[in-house]
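Subject: Structure for your review

Dear colleague,

Please find below the structure that I am handing over to you. My notes on it follow directly after.

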Amino acid sequence: GKVEPLRIMISGAPASGKGTQCELITQKYDLVHVAAGDLLRAEVAAGSENGRRAKEYMEKGQLVPDEIVVMMVKDRLSQPDSQEKGWLLDGYPRSSSQAIALKKFGFEPDVFILLEVQEETLVERVVGRRLDPVTGKIYHLNYFPPETEEIASRLTQRFDDTEEKVKLRLSTHHQNVEAVLSLYEDLIVKINGNVPKEDVFVQIDGVLTKLLEQRQAARESL
Ligand code: AP5
């Protein structure tokens, strides 16, 4: 039989590089990337009632209420592709109630990756961030400028990517992070996120490679 697919949680402050690392992780490991923020922005874009309500909280940098977010994430993790390939859960859970709900539904990670980045850096990362609506790729005006003029001309900015709003998001993060970390204590791997993105990925890749090797070895010794 096949080795069990990986199940990964990735967490960190706003703009710590979660989405960027998820691009690199899914390229190599072919996991299903489930980002709570992306699911919510899709609802907002669709103009649904949930999207309209969610946007009110997102604009204030606050957590969207559980009744909107919990089932949204659970449904995505329950899809056949997530079950077959494994998943990479980004920006979720962000509160103990979300973590407890996930456990109740039977979703437990193999590893909990925590990106650590100095606070001064975060604001600069947020205000320079741009997104390509065509490919979904994440850019930064200074660190990862777009490759072509054509891409540059279509880049968009998130509605909550201002200095003022990232400070609100950061304070929400500080209020909630300890409660979540305490529930995954044994699975946490801290990663230095202050270095270039390729060097951040080298650290994560090392952790995941080791995990898969251990699994392989355990299976062969059966
Ligand atoms: P969400 O979309 O999750 O936003 P966030 O947590 O604030 O994180 P970001 O997406 O801003 O940053 P990131 O860590 O992915 O960084 P990135 O890789 O893009 O959530 C948005 C809102 O949705 C929340 O405020 C909340 O309202 C709601 N929400 C989400 N989840 C929820 C939940 N579970 N419950 C309730 N509500 C929820 O990188 C940032 C920039 O830095 C980019 O420009 C990138 O190019 C650059 N960069 C990345 N890595 C590096 C590097 N190593 N060196 C230099 N630059 C880098």
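A polar contact is a pair of N or O atoms within 3.5 Å. In this model, which is predicted, a nitrogen atom of the ligand is 2.8 Å from a polar backbone atom of V195. The protein covers 96% of the 1000 Å² of accessible area that the ligand has on its own. Oxygen atoms of the ligand also have polar partners: one such atom lies 2.6 Å from an N or O atom in the side chain of R169, and an oxygen atom of the ligand is 3.3 Å from a polar backbone atom of S16.

The surroundings of the ligand

The ligand is surrounded by 35 residues, of which T20, Q62, R94, R129 and R169 are the closest. By type, the shell around the ligand consists of 17 nonpolar, nine polar and nine charged residues. At least two residues of this shell come from each of α1 (18–29), α2 (36–46), β6 (138–140) and α10 (197–220). The most is given by α2, which supplies four residues.

Helix α3

Helix α3 covers residues 49–59, and its buried residues are G51, A54 and M58. Seen down the axis of α3, these buried residues fall within an arc of 65 degrees, so they line one face of the helix. The general background is that an α-helix has 3.6 residues a turn, so residues three or four places apart point the same way. Among the elements that cover the buried residues of α3 are α2 and α4 (66–78). Just after α3, G61 takes a positive phi of about 70 degrees.

Backbone features in the loops

Two residues that are not glycines have a positive phi, and I describe them in turn. A15 has a phi of about 65 degrees and is found in the loop between β1 (7–12) and α1. With a relative accessible area of 14%, A15 is buried. For D30, phi is about 50 degrees, and its place is in the loop between α1 and β2 (32–35). D30 is partly exposed, its relative accessible area being 45%.

Finally, there is a cis peptide bond between Y92 and P93, with an omega of about -5 degrees. P93 is found in the loop between β3 (87–90) and α6 (96–104).

With kind regards

Conventions
Residues numbered from 1 in each chain as written. Predicted model: local features only at pLDDT ≥ 70, side-chain atom pairs only at ≥ 80, totals over all residues. Heavy atoms only, no water. Near = heavy atom within 4 Å. Polar contact = N/O pair within 3.5 Å; in protein donor to acceptor, adjacent residues only side chain to side chain. Areas by Shrake-Rupley, 256 points an atom, 1.4 Å probe, with all protein chains shown as cover. Nonpolar A, V, L, I, M, F, W, Y, C, P; charged D, E, K, R; others polar. Buried < 20%, exposed > 50% of the residue type's maximum accessible area, 1.4 Å probe, protein only. Arc of directions from axis to C-beta. Contact = heavy atoms within 4.5 Å.
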